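I opened this notebook to record what I looked up in one structure. The entries follow in the order in which I made them.

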Amino acid sequence: WQAASLPFNIQPSVPKAMRDAVELVRATPPEGMDQAAVDRLIDTLDADYGVRIQRMIRAAMDSAASPRLQAAAVAKTVNDLGLEPAPAPKPLPVITADDIHLICWMAIS
């Protein structure tokens, strides 16, 4: 329970394809995107997606030679798939002394 009350411990693991896409977009943002849109794209990519979506993102990154065109292809793929940023997981509340209740006493003689 204590481990699940820390936000760091409940973050999903991000697959390598998605981490690579985030790194690409951070290094070379797509042309014509303002910083808020780039941040939203990074938040959208920085999540745990299934294999099908990972393959589509990887194919978008492999579709062009220049990093700018790759980032634009990734942004288009995210837009076409309708992907949204994942909500942050809510950690469990920390256990306090008030949460512990005695149910019964047992004595063995």
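The entries below concern the core, one helix and one proline.

Entry 1, sources. I worked from a predicted model, in which local features need pLDDT of at least 70 and side-chain atom pairs count only at pLDDT 80 or more, while totals for chains, interfaces and linings use all residues. Residues are numbered from 1 along each chain as its sequence is written, and side-chain values use heavy atoms, with hydrogens and water left out.

Entry 2, core. I looked up the largest nonpolar core (buried Ala, Val, Leu, Ile, Met, Phe, Trp, Tyr and Cys residues joined through side-chain atoms within 4.5 Å) and found 22 residues in it. Val25, Leu45, Ile57, Val74 and Val78 have the most contacts inside this core. Two or more residues come from each of α1 (16-27), α2 (35-45), α3 (51-62) and α4 (67-81); helices are DSSP runs of H or I, at least four residues, numbered from the N terminus.

Entry 3, Val78. Apart from neighbours within four places in sequence, I found Val78 in contact (heavy atoms within 4.5 Å) with Leu41, Thr44, Leu45, Ile57 and Leu83.

Entry 4, α1. I noted Ala17, Met18, Ala21, Val22, Leu24 and Val25 as buried, meaning under 20% relative accessible area with a 1.4 Å probe, protein chains only; exposed is over 50% and partly exposed lies in between. These buried residues lie on the same side of α1, because their arc around the axis (from directions to the C-beta atoms) is only 160 degrees. Lys16, Glu23, Arg26 and Ala27 are exposed on the other side of α1. The cover over the buried residues of α1 includes α2, α3 and α4.

Entry 5, Pro7. I located Pro7 in the segment before α1. Pro7 is partly exposed, at 46% relative accessible area.
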